[in-house]
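Hi there,

Here is the structure I promised to pass on. Have a look at it first, and my notes follow below.

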Amino acid sequence: MRRHSLVASRAKDVEKKTLSQRKTGKEGPVADCVADSADGKLFGMSLRAPGESEQQNIQTVMGRLPNLTNVEHSISSHFDRGYGKLMMILEMVAKGFTILTMAATLGSKHPFMTQDEVDKKVADWRKNKKLPRWIKDRLKVIKKYILPSDENMGSLVKLAKREVVGTNGNKFWLYAVAVHEAFDPKKSTKWLRLFATGDVVEKMKNVFVGKKKDSGVSSKIVFSRTTSSHHEREMIENQLRRRCGPMSLTQRCGNWFVGKQCRLTGTMARIIVSSTMDFDDNPETWNKMLRKCCDSWYVRHKSSKVMKQGSLNEIPLSEKLESLEWVDVFFDCGLIELSSHPHIGVSPDGFAIVTVRNDGLETKATAVVEMKTRLMEATTIKKATDMANKHGVHAQCVYGDRVFKDCVPNDNRLQVMHQAYITGFGWSVFVTSKVVNGEGSIVQTIVIEFTEDEKAEYGEKLLSQAHDVIAWLHDPALIEKGYLVDEDFPSWVDEDIRKLIVSRYQLFTAQERKIKSRRTSGSGLFEDDEDLEAEYHTIAPVQTFKSSFLCIYNYAKWGLDKNTEFGLSVLPKGVPLEVKYLFRMLAGPLSNLWRTEQSVTIIKPYILSYRNCNRGQNPSVQQIREKLRELPWDDFVYSFSYECLSELQRIGRQSLITSFLSPRTGASVRRMTENTENDHRNESHATIREDAVIGLTIESRVTRDAWPPKQRRVHLFNREDLTRVRLHSSLRYVHDEKKESIRKSCPLCYIDNCQKRKSAFSCKVCKVPLCTTKIGTATLTCFELWHSRPDLEAAYTEQRAALVTARDDSRGRGAHEHSRSIRRRIIDGSWRDGNEDSSLFADTPEKNTEEIVAEIEGEEIVAESEGGEGGDQGGNLMADEFELEHQAEMNEVLGDPEEDDGENGFDHFARELNNGSELV
């Protein structure tokens, strides 16, 4: 449902609550409309006249909608925010429509309220001298409907429902939905309130939709979704699968940020392991550590200059690392968890296969890679440079020895140990770099060896101290349930920490189930996936996640906004309100016809073709919208107007004939007219069906990159499917001539590279260059034969024979003798010797190179244009014949001519002269 602002004048009688929710700009009378948000069809519209209430006008518009009696007719209705009130929802539900719409700011009777709204109301009560007990009783009633206000909260979804009786007596569940929108870290968070009905509302609560960032298909990413084989990558993956599972393919994407929540990765693992606090049965210590973890997971931290520069430097630095002699290959990676303890994870910069020294021998080893970019010249860069001078630009050490302590800073030592423990690898590469001229430059690389005893000791301490802090968040029962209540928390967790975790836990568990659940798990949330054989099924990198409620509403809202833009774009400017309203009413049915024409002739063939080429899958909404551009509004208005005028002309002529006949004869003629109109109507239906077939044929070739055909065009267009394309003509498919920028060979009269004709015109539908001038004494042009002869092979044979005959007849004519003489004298060089007897220079003044070349080119252009414009029909033929006659001589000077439709022999010759040929 959509409203349209028609004029700029203000209207005092339009309700204040509606005006307050209008978009920015000038206010004025509105027209309430009902439209299809997918393709813009207008179902009903009513002007809100002065003195008429909002409710009365909307009820008038809703009366235009039918009552849905078939359960298979599931139609969802979405309102603009100002219309999301209980009365309108009851009206639509009574008609059988499903509702999903934003609640109005005022008058919606939505139960959920933000904490700020409650505080403001309490202040008003106190100002009005309400008793504290009276206030407390009311707060107790609405306590569970108060929405917390915290900018660090995540994408929380809350539901409340009540049974409502519609105007037709039917009972249904009305859901009040509150969604905390915190998906974009660059924008402030906010609560959005919606109303919804239907059987799937409760299932949608824990469903989030990810906007794909990239495909995740790359042979240089560990656990990539690509099916191509890569031996080194598969070797690393097989080693990782023994202990780990991938939770994201890349870093700094939406699923990477979500996966790091409720997990200990490098930084927090270092804090817990290095902590001197007592973790043995000490809830106070657990609570402090959980608070630090929540600060790391949820609080919005601005990236420092060092962090930003390091992120930008990772890709070029990895390329430089891979180019080193001792590095075989480098692979990127995302977030990886320890399968036996999923609350522990790691996200290194990558993995590499390197050459190491082991017991005096050089061997290949898989290693974890950690890269650090240093920016402080006087401190960190100086220290790294000194250590490179002391131990070498590339050095190998053992974890904990002197070289390790000198080259790896204290803050990064437990980090590399954590990476080695999680992955199970025995080697690590620590890279220190700096920025030189805007690019990363490697200062030192250290290859670190780890012993199994050291990794086991680290792992034992990490697991013992982290288990009581966060392991409870990965309880399989909680993951499957998908949300938390107070009873699910340990008693030692503070109230503010509980609210933060609750707000983030829904999205976290939804991703966990998506990645690690099977189709037979019984969740029923991801039934679109195939059966999974592996435990982990990592999804493609996601840009951001949104609640399914917001995705569905935004999809429909996009259509509503586009309908408004289109409706306003067709209205005239500078006219009174009544004229605008009248034009809008007239444009509504016409735009419906336009959308119907698009659906029948473009969208339906496209969907059928897409299904055939993609194993039954449907195209996306974005792909369908792109296809709709193939029939623009202006083209449709022109075609429709032409068809209407033609029909009016036919009807007017018949009315004029019957008005002068006797009643008996006139009745007979009228019966004949009715029969003719029926035939015409049937013919129109047949044309529409044929348009659909033609559209399907063309679209199937477009999807296979086989349109337009480039080779063997006569043979291909003589097949049954393409014969229908070139012989069918309608308002949708008009075989008109299209002027091209380059002249190309006509396939219907083409003999070989020396005997052919070039045309500057092509068919708009067939996309084939065709001659528009007749050959010799022929009665039809190639363009006309192409679109009229069923047997294209026979027409091809006729046109080739006609071209040979026409060129034989034109041989010996003197129309181009002047150009031939110039060419002969240029080639044999006689005109260079000052031969004053030459007829070429007998009656003309001396000319320079540019003038001679221009004369040659000008004569050829004149000859071609005469033949092309209906003058001398042999002009083109004689010019081609001239080129053929002197082909051998041309080859001596210019070489073999290239097959280029945009350049002929004269153009090439002139270019050679202008590129330095000297004239004596």
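Which residues does Pro605 touch, not counting residues up to four places away in sequence? Before the answer, a reminder that this is a predicted model.

The contacts of Pro605 are with Ser599, Val600, Ala692, Gly695 and Leu696. Pro605 itself sits in helix α19, which spans residues 577–613. Its partner Gly695 is 90 residues away along the chain, yet the two C-alpha atoms are separated by 5.7 Å. With a relative accessible area of 2%, Pro605 is buried.

Now for the overall picture. The protein has 920 residues, and 45% of them count as buried. Its secondary structure comes to 32 helices and 23 strands. Taking contacts between residues at least 6 apart in sequence, 65% join residues at least 24 apart.

The part I spent most time on is a sheet. Six strands make up this open sheet, in the order β13-β16-β17-β19-β20-β18, with mixed pairing. The edges are held by β13 (327–331) and β18 (394–398); each has a single partner strand, so one side of each is left without a neighbour in the sheet. On average, and ignoring direction, neighbouring strands are turned by 35° against each other.

Walking across the sheet from β13, these are the pairings I noted:

- β13 and β16 run antiparallel and are joined by four bridges. Here Phe330 stands opposite Ala352 of β16.
- β16 and β17 are also paired in the antiparallel sense, over nine bridges. Ile353 faces Thr366 of β17 in the ladder, standing opposite that residue. The hairpin of these two strands has two residues between them, and Asp359 takes a positive phi near 55° there.
- β19 (residues 427–436) and β20 (residues 439–449) form an antiparallel pair over ten bridges. In this pair Val431 stands opposite Thr445 of β20.

As background, strands of a sheet pair through backbone hydrogen bonds, either parallel or antiparallel.

Is β16 mostly covered or mostly exposed? Mostly covered: seven of its nine residues are buried.

Two helices are worth viewing together with the sheet. Helix α7 (residues 231–241) lies across β13, β16 (350–358) and β17 (361–374), and runs at about 90° to β16. Helix α12 (residues 377–391) also packs on the sheet, where it touches β17, β18, β19 and β20. The direction of α12 makes about 55° with that of β20.

Next, a helix pair. Two packed helices are described by the angle between their axes and the distance between the axes. For α10 (residues 283–297) and α15 (residues 452–470), the axes come within 9 Å and cross at roughly 80°. The two helices are therefore roughly perpendicular to each other. On the α10 side the contact is made by Trp286, Met289, Leu290 and Trp297, and on the α15 side by Asp468, Val469 and Ile470. Sorted by character, the residues of this contact are six nonpolar, no polar and one charged.

You may also want to look at the cysteines. How many disulfides does the structure hold? The count is zero. The cysteine sulfur closest to that of Cys746 belongs to Cys771, and at 3.7 Å it is too far for a bond, since a disulfide needs the two sulfur atoms within 2.5 Å. Cys749 is in no disulfide either; its nearest cysteine sulfur is that of Cys771, 3.8 Å away. Cys746 is buried, with a relative accessible area of 1%, and Cys749 counts as buried too, at 0% relative accessibility.

One last residue to click on is Thr509, in helix α17 (residues 495–516). Is Thr509 buried or exposed? At 0% relative accessibility, Thr509 counts as buried. Leaving out residues up to four places away in sequence, Thr509 touches Leu478, Ile479 and Gly482.

If you open the model with just one view in mind, I would suggest the six-stranded sheet, ordered β13-β16-β17-β19-β20-β18, with α12 packed on it.

Best wishes, and happy browsing!

Methods. Residues are numbered from 1 along each chain as its sequence is written. This is a predicted model: local features need pLDDT of at least 70, side-chain atom pairs count only at pLDDT 80 or more; totals for chains, interfaces and linings use all residues. Side-chain values use heavy atoms; hydrogens and water are left out. Axes are lines fitted to C-alpha atoms, for helices over the stretch in contact, and angles run from 0 to 180 degrees between N-to-C directions. Angles under 35 degrees count as roughly parallel, over 145 as roughly antiparallel, 65 to 115 as roughly perpendicular and the rest as oblique. Contact means heavy atoms within 4.5 Å. Ala, Val, Leu, Ile, Met, Phe, Trp, Tyr, Cys and Pro count as nonpolar, Asp, Glu, Lys and Arg as charged, and the others, Gly among them, as polar. Two strands pair if DSSP finds at least two bridges between them. Buried means under 20% relative accessible area, exposed over 50%, partly exposed in between (1.4 Å probe, protein chains only).
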